[in-house]
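The following exercises concern a ligand site, the packing of helices and some backbone features. Please inspect the sequence and the structure before working through the solutions.

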Amino acid sequence: KLVVLGSLNMDLVCTVKNMPKPGETLLGRDFSKIPGGKGANQVCAMARLGGQVSMIGAVGKDEFGTILKDSLKKDGANVDKVIEIDGVSTGVAMITVDDSGENSIVVVPGANYGIDEDIIENSMDIIKESSVAVTQLEVPLNVVEEFLVEAKKCNKYTILNPAPANVLSENIIKNIDLLTPNETELETITGIKIDSLEDVDKAAQHLLDMGVKEIIVTLGSKGCVYISKDTKKYYDAFKVDVVDTTAAGDSFTAAIAVGKIKGLSIDEAVEFATKVGALTVTKKGAQSSLPTMEEVNNFRR
Ligand code: ADP
């Protein structure tokens with residue numbers, strides 16, 4: 001079983017010919033409401049890949065909150081520990097995409113920032129019955145820290161996808177088994193400028209010295225690098241027609257976690273996650289783009 005602490009957002013996406021200037025009103029072309037939030041995206045991806053997953057998180061007592069929870073439930077996830085907080089809105093991301101593919105995004109965390117360490121204490125039953133615990137950085141850092149510390153105390157395999165980029169405390173770092181940053185996030189965490197694979201290696205070694213056991217640095221269309229104390233290996237990405245890269249990092253981390261549950265070797269888990277990441281960029285939106293196990297099985301290079 002898997003447990004994920006993280007955010008739930010409703011993505012409100014509109015497309016425009018060009019970005020509005022301050023003070024300008026424009027007509028948009030179309031509008032869609034797509035379930036998102038890094039935490040919920042990972043839960044959704046795991047469920048579609050056949051993982052038995054429970055989510056810890058929060059929404060407001062509003063329509064978006066209900067839609068987000070129902071949509072995860074429909075995919076087969078357990079949302080009993082997604083609490084509803086009074087007087088605060090469900091997280092939303094207002095996304096504008098122009099004809100050149102450029103986007104501008106305003107995220108209102110709302111209920112995602114309304115949780116504290118109590119939610120971890122109240123979710124210990126779920127944490128105890130899981131073997132892999134996964135989180136990101138779209139909820140308060142003190143809650144992320146508590147989650148990792150408690151999961152580690154119960155001997156769980158912990159995964160942190162450190163997005164959006166933020167500086168991490170020593171106590172967070174030493175309670176991580178697997179860290180899955182992209183290059184920007186790796187740079188923010190270590191303060192080491194990342195311009196080459198040598199820089200990636202240097203930054204990763206620094207984190208291994210601080211207590212992280214394994215690191216997978218994702219490099220977008222360039223694939224990823226796996227680094228542990230005694231192994232370093234580069235993996236290519238699959239070549240696909242890219243439509244929208246939203247949630248690629250989320251689905252990649254989710255697939256690695258599912259691979260771990262299934263007992264895959266690191267080579268097998270990375271190949272699986274690389275397929276899942278590739279499939280995710282061939283479709284628009286966040287949860288709308290996450291593949292099922294059947295789609296992964298039918299995927300060819
Ligand atoms: P993030 O979204 O966190 O920045 P990445 O962009 O590095 O994460 O994507 C995660 C993984 O998804 C990559 O390691 C790769 O396997 C896959 N991926 C991402 N972008 C592409 C792409 N354009 N083509 C093929 N695979 C991709």
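The exercises below refer to this predicted model.

**Exercise 1. The ligand shell**

Task: Determine which residues around the ligand come nearest, and describe the classes of residue in the shell.

Solution. Begin with the residues around the ligand, of which there are 17. Those that come nearest are N182, T218, G220, G223 and F238. Next, sort the shell by class: 9 residues are nonpolar and 8 are polar, while no charged residues are present.

**Exercise 2. Polar contacts and burial of the ligand**

Task: Identify polar partners of the ligand oxygen atoms, and state how much of the ligand the protein buries.

Solution. The criterion for a polar contact is a pair of N or O atoms within 3.5 Å. In the side chain of N182, an N or O atom is 2.9 Å from a ligand oxygen. For T218, a side-chain N or O atom is 2.8 Å from an oxygen atom of the ligand. G220 takes part through its backbone, with a polar atom 2.8 Å from a ligand oxygen. As for burial, the ligand taken alone exposes 550 Å², and the protein buries 85% of that area. Finally, assign the shell to secondary structure: α9 (248-261) and α10 (266-280) are the elements that give two or more residues to it.

**Exercise 3. Helix packing**

Task: For the pairs α9 and α10, α1 and α9, and α7 and α8, give the axis angle, the axis distance, the orientation and the handedness of the crossing.

Solution. Two packed helices are described by the angle between their axes and the distance between those axes.

- Step 1: α9 and α10 pack at about 150 degrees, with axes 8 Å apart. Angles over 145 degrees count as roughly antiparallel, so α9 is roughly antiparallel to α10. The crossing in which α9 passes α10 is right-handed.
- Step 2: Helix α1 (residues 38-48) packs with α9 at an angle of about 45 degrees, and their axes are 8 Å apart. α1 and α9 are therefore oblique to each other. α1 passes α9 in a right-handed crossing.
- Step 3: For helix α7 (residues 183-190) and helix α8 (residues 197-210), the angle is about 50 degrees and the axes lie 10 Å apart. This pair is therefore oblique as well. Here, α7 passes α8 in a left-handed crossing.

**Exercise 4. Backbone features in loops**

Task: Locate the cis peptide bond and the residue that has a positive phi although it is not a glycine.

Solution. The cis peptide bond joins A163 and P164, with omega at about -5 degrees. P164 is placed in the loop between β9 (157-160) and α6 (170-173). Turning to phi, N155 has a positive value of about 65 degrees, although N155 is not a glycine. N155 is found in the loop between α5 (141-153) and β9.

Conventions: Residues numbered from 1 in each chain as written. Predicted model: local features only at pLDDT ≥ 70, side-chain atom pairs only at ≥ 80, totals over all residues. Heavy atoms only, no water. Near = heavy atom within 4 Å. Polar contact = N/O pair within 3.5 Å; in protein donor to acceptor, adjacent residues only side chain to side chain. Areas by Shrake-Rupley, 256 points an atom, 1.4 Å probe, with all protein chains shown as cover. Helix = DSSP H or I, 4+ residues; strand = E, 2+ residues; numbered from the N terminus. Nonpolar A, V, L, I, M, F, W, Y, C, P; charged D, E, K, R; others polar. Axes fitted to C-alpha atoms, helices over the stretch in contact; angles between N-to-C directions. Parallel < 35°, antiparallel > 145°, perpendicular 65-115°, else oblique. Left-handed = near helix turned anticlockwise from the far one by under 90°.
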